[in-house]
Amino acid sequence: GINAEYGDYYSSVIYVNNSAWIEINPAKAEFGDDVIHEGLSSSFRYAYNIQLPFVFPYYGLPLTTITPTTGGFIFVGELIHNQLTETQYIAPLMAEFDPSLGNSSFVYYYLSDNLAIIQWDNVYIHADYDPESNNNKAFTFQAQLYINGDIIFAYREVPYHPKLIDDSSHYVRIGIAEAYYEVDTSHGMTVTYVHQYHAIEIDFDLVVNYTEITLKAEKTCLSSNSCADCTTQETEFECSWCHKLQQCSDGISRWRQNWKDANCEATGTKLLDQCPNEQEAALPSTNPQTGFYEMVLCQESKTAIVCAGDDTLLIDSASFSRTNYHGSACETHSEMTDEAQCQYDNDLVTQKVSSKCDNERTCFVQASQDFFGVDPCPGNAKTLNIYYKCNSHTSASAKALTGFIVIVVLSLVALLVGWFVYAYRNLLLQASLPHQVREILEGQHLQRGHRRIGNLTQSTKSYFQTLTIDQTHAIALRRF
C-alpha cells in the first residue's frame, strides 16, 4: 500500500488488488431491488437526500444526512446551490456521469447501523456515450462511509485513465473537501459565503481497476463533547472549549460563524484547570424571572443545546423575531432596516424547536428560514431566543442505587451471620480451620494514544462567485 498524510483530518492508505469492494448490485449479491435508487438511476445531473441510520463524523462534524448525485460524488453541505461540485463533497470519481443513458446503468445504495455504501454501477460519461456504437465504456465504483468517520473509495471497472475524462462542462475530481459558512446581512440582503478550508485530491494515476483508497479519520476538536476532553486531547489542533456553545473547536469548522457570534475565540477555555465541573456543565445563565435557561442565536447561526450528564431537554418557549435584536450581541452584525414587529409565529417556532429537542440530551438548531420556513420579513436581522430546562434523572437513579445498596448490604450481613455460625460449629469439632486462599485478579487498563500528523497549509489565492437564490439571499463560494 501507499501511505499519505493530508493535514490533521485524514491519513490515507492506497491499495491495488485489495478486497475492500462490497458488492451491493442485487444481480450479483444477496440484496433485494430496494438497494436501487430509482431517481438517481434514471436521471442526469440529479441529487437526492438520504437520511443515515447513524451519525457519520465528517471532519469531526456529525452528519445525519448525505446527498448522493448522479455525477459520481456525494454532496455533504447544508446549503443546496448550483455549484455542488465546488466544495463539501466526497468524490470517489466526480465526473459528468449520466445513469439514464444505459439500461444496465444504476446507482445503488445500502444502509446499515454502521455503514453506508453508494455504488455507481456501469455508468457512462455523458459526452462519450454513442447509442449507435458498441465501444461505449462504463465505470463501476463505490464510496463506503463508516460510523467511525473512515471513508473508502473502491473501484471495480475503470475502463480508461481518469485524466482522459472530458472536464469541459463538469469538474473531474477524486477526493474530499470541506468548507465553513460566514453570513453577511448588510446592504439589505443576506449573503452566505462558503469558504473551502481543506481538501484532499487523489492522484488520478493511482486509480485503476480494483484500487482501494482508505481515508482514515483522525480525531478533531469537534470530536470532543466535554471541556475536559477538549483541553487534554493529543492533537495538532489548538482546541478550546466554548462554554456558551458547549462546543470544542479551533475556530475552523463548518460552524465558524457560530464561533464568531459567541466570541468563543476570546472566551474559550484551553486549560483543564479552567474547566467547570462537567456534571454541573457550563450551561447558559438562567432567566431570573422564569428559572429557564436562555439560548440566543443570531440569524443564520447554528448551535448545539446541551444538558449535563443524562439530563434531557424540555423546551418551554421560543421566538425568532426582531423584538430582542436591539441591544443583543447580534446587533453589530448588520445595518438592516428596522421593523420592530418583524417575527415568526411564536407557536410555530416553539413547536419546531420542541419537536427537534425535547427529551434529547443534545440537539442542533439553526436560526434560519431553512429551519423555520419562509422569512416573514426578509432583510431584517432577527434573534432566536430559546427558553428551556434540563430534566434531571439523578433523583430516580439515586433512589434505584440506594435500594440496590440496601439489598446488597442486607445480603452481605446474612452471609456473614451464616459464616460465623458455620465457623463456630466447626471450632467445636476441629482444632483448627482449613487454610483459605484468596486470589486477587487485577485488570489492566490500556490508554489509547492519538497519532499526530502534519499541519494544514492554505493558499492565499481565492475567488468567489455570487449565486442569487432570491432577491434577499445569495450564496457566495470562496475556495482557498
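The following exercises, each with a worked solution, concern a predicted model of a protein chain.

**Exercise 1. The chain as a whole**

Task: State how many helices and strands the protein chain has, and what share of its residues is buried.

Solution: Begin with the secondary structure, which comes to seven helices and 22 strands. Next, consider burial: of the 480 residues in the protein chain, 48% are buried. Then turn to the surface, where about 25,100 Å² is exposed and carbon and sulfur atoms supply 50% of that area. Finally, examine the contacts between residues at least 6 apart in sequence; 67% of these join residues at least 24 apart.

**Exercise 2. A sheet of three strands**

Task: Determine the strand order of the open sheet that contains β16, β18 and β20, and explain why β16 and β18 each have one side without a neighbour in the sheet.

Solution: The order is β16-β20-β18, and the pairing is antiparallel. It follows that β16 (293-298) and β18 (312-321) stand at the edges; each has a single partner strand, so one side of each lacks a neighbour in the sheet. From one strand to the next, the twist averages 20 degrees. Now take one pair in detail: β16 and β20 (residues 383-391) are joined in the antiparallel sense over six bridges. Within this pair, Glu294 has Tyr387 of β20 as its bridge partner. Helix α5 (residues 346-357) packs on the sheet and touches β18 and β20. The direction of α5 makes about 150 degrees with that of β18.

**Exercise 3. Aromatic rings**

Task: Classify the aromatic pair formed by Tyr58 and Tyr59 as stacked, tilted or edge-to-face.

Solution: The ring centres of Tyr58 and Tyr59 are 4.9 Å apart, and a pair requires centres within 6.5 Å. The angle between the planes is 80 degrees. Planes over 60 degrees apart count as edge-to-face, and the pair is therefore edge-to-face. Both tyrosines, Tyr58 and Tyr59, are buried. They belong to a cluster linked by ring pairs, which also includes Tyr9, Tyr10, Phe56, Tyr180, Tyr197 and Phe237. The count of aromatic pairs comes to 20.

**Exercise 4. The setting of Ser253**

Task: Locate Ser253 and decide whether this residue is buried or exposed.

Solution: Ser253 lies in the loop between β15 (247-249) and α3 (256-261). Its relative accessibility is 3%. Buried means under 20%, so Ser253 counts as buried. Leaving aside residues up to four places away in sequence, Ser253 touches Tyr180, Tyr197 and Leu222. Of these, Tyr180 and Tyr197 are also members of the aromatic cluster in Exercise 3.

Terms used. Residues are numbered from 1 along each chain as its sequence is written. This is a predicted model: local features need pLDDT of at least 70, side-chain atom pairs count only at pLDDT 80 or more; totals for chains, interfaces and linings use all residues. Side-chain values use heavy atoms; hydrogens and water are left out. Two strands pair if DSSP finds at least two bridges between them. Helices (H or I, at least four residues) and strands (E, at least two) are DSSP runs, numbered from the N terminus. Axes are lines fitted to C-alpha atoms, for helices over the stretch in contact, and angles run from 0 to 180 degrees between N-to-C directions. Contact means heavy atoms within 4.5 Å. Rings of Phe, Tyr and Trp (its six-membered ring) pair if their centres lie within 6.5 Å; planes under 30 degrees apart count as stacked, over 60 as edge-to-face and the rest as tilted. Buried means under 20% relative accessible area, exposed over 50%, partly exposed in between (1.4 Å probe, protein chains only). Accessible areas come from the Shrake-Rupley method with a 1.4 Å probe; for residues, only the protein chains shown count as cover.
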